[in-house]
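Student: I should like to learn how to read the backbone and side-chain features of a protein model. May we work through one example together?

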Amino acid sequence: MKAHILFLTAVIVLAGSSYGLAAGGESHHGSLGAMMNEEKTPKAPAEEKAVDVGNKICPVSGEKIGDMGPGAQYEYKGKIYNFCCTGCIEEFKKDPEKYVKVVEGQMAEPMGMDTKGEQPMMEKAGEHMMMNTEMSGTMQVAMEKAFPAAPVKDFDLKAFQFGYSPETITVNKGDVVKIHATSGDVPHGVMIKEYGINVRVEKEKPQDIQFVADKSGEFDIVCSVYCGSGHAMMKAKLIVKE
């Protein structure tokens with residue numbers, strides 16, 4: 001009787017061990033298969049981080065970043081552009097490619113090259129001249145000799161929050177343009193990028209700007225000195241007719 005009981009016990013133990021090994025084997029192979037499937041699954045490529053172009057001048061206002069308080073940044077096509085204020089970002093959004101070219105020009109200038117990298121900036125120095133109240137008499141005489149027969153057009157340009165008067169200045173190509181710039185309230189700027197003009201004008205401190213209108217077209221006159229919430233919208237127009 002005892003021998004019979006021992007035999008049944010051994011059979012039960014052996015059966016339990018076989019079941020455990022089978023279950024364990026399936027679990028092991030299942031885990032191994034899962035690991036292999038994970039290795040075969042392609043991983044998603046890491047997102048490329050936007051690159052800061054590092055411009056130190058606001059492409060909209062022409063003001064140095066940080067001069068008017070904390071600047072602002074905006075990402076466009078994988079690049080981060082720097083601005084003097086959030087108002088200039090809104091202006092940038094209206095025509096991004098226009099201001100991207102402005103930044104490219106700013107980055108090229110320290111190298112003495114134009115935006116295409118073709119002609120040294122010094123070779124272009126004779127294309128137009130600009131003078132304010134600090135321009136020496138020698139430079140003024142040189143300009144008069146260079147353009148002796150050019151008609152002179154005089155304009156009074158008053159800057160105020162947030163506009164200019166008059167809003168449009170119209171001249172002919174080849175005219176010598178003289179602008180007597182004044183401010184009616186806070187400091188403002190008179191900037192015509194295509195002519196290399198960027199003059200700061202403070203109240204009761206008028207500035208005289210003189211240049212030759214050697215490029216035809218329509219050019220924005222913008223404020224390059226932050227003057228309040230409507231700064232980015234402050235514009236006038238220079239029209240040079242053929």
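Student: Which residue stands opposite Gly163 in β6?

Tutor: The general idea comes first: strands of a sheet pair through backbone hydrogen bonds, either parallel or antiparallel. In this predicted model, the residue opposite Gly163 of β6 is Phe160. Three bridges join β5 to β6 (residues 163-165), and the two strands run antiparallel. With two residues between them, β5 and β6 form a hairpin.

Student: How many bridges join β5 to β8, and in which sense do these strands run?

Tutor: Eight bridges join β5 (residues 152-160) to β8 (residues 176-183), and the strands run parallel. To locate this pairing in the model, one may begin at Val152, whose bridge partner in β8 is Val176. Strand β5 is thus joined in parallel to β8 and in antiparallel fashion to β6.

Student: What should one look for in the loops?

Tutor: Two backbone signs deserve attention. Most residues other than glycine have a negative phi, and most peptide bonds are trans. In the loop between β5 and β6 one finds Phe162, and the peptide bond from Gln161 to Phe162 is cis, with omega near 0°. The bond from Ser165 to Pro166 is also cis, again with omega near 0°. Pro166 belongs to the loop between β6 and β7 (168-172).

Student: Which residues that are not glycine have a positive phi?

Tutor: Lys77 has a positive phi of about 55°, and Glu204 has one of about 65°. Lys77 sits in the loop between β2 and β3; its relative accessibility is 64%, so it counts as exposed. Glu204 sits in the loop between β10 (197-201) and β11 (207-212); with a relative accessibility of 74%, Glu204 likewise counts as exposed.

Student: In what order do the strands β1, β2 and β3 lie in their sheet?

Tutor: The order is β1-β3-β2, in an open sheet of three strands with mixed pairing. Strands β1 (51-52) and β2 (72-76) stand at the edges because each has a single partner strand, which leaves one side of each without a neighbour in the sheet. Two bridges pair β1 with β3 (residues 79-83) in the parallel sense; at one position, Asp52 has Ile80 of β3 as its bridge partner.

Student: What lies across β2 and β3?

Tutor: Helix α2 lies across β2 and β3, and it runs at about 20° to β2.

Student: Which residues of α2 are buried, and why do they lie on the same side?

Tutor: In α2 (residues 86-94), the buried residues include Cys88, Ile89, Glu91 and Phe92. These four lie on the same side of α2 because they cover an arc of only 165° around the axis. On the face turned away from that buried side are the exposed residues Thr86 and Lys94.

Student: How many disulfides does the model hold?

Tutor: A disulfide is a covalent bond between the sulfur atoms of two cysteines. To count one here, the two sulfur atoms must lie within 2.5 Å. By this rule the count is zero. For Cys223, the nearest cysteine sulfur is that of Cys227, 4.0 Å away, and Cys223 is in no disulfide. Cys227 is in no disulfide either, its nearest cysteine sulfur being that of Cys223.

Student: Are Cys223 and Cys227 buried or exposed?

Tutor: Cys223 has a relative accessibility of 2% and therefore counts as buried. Cys227 is buried as well, with a relative accessible area of 7%.

Key:
Residues numbered from 1 in each chain as written. Predicted model: local features only at pLDDT ≥ 70, side-chain atom pairs only at ≥ 80, totals over all residues. Heavy atoms only, no water. Pairing = 2+ DSSP bridges. Buried < 20%, exposed > 50% of the residue type's maximum accessible area, 1.4 Å probe, protein only. Arc of directions from axis to C-beta. Contact = heavy atoms within 4.5 Å. Axes fitted to C-alpha atoms, helices over the stretch in contact; angles between N-to-C directions.
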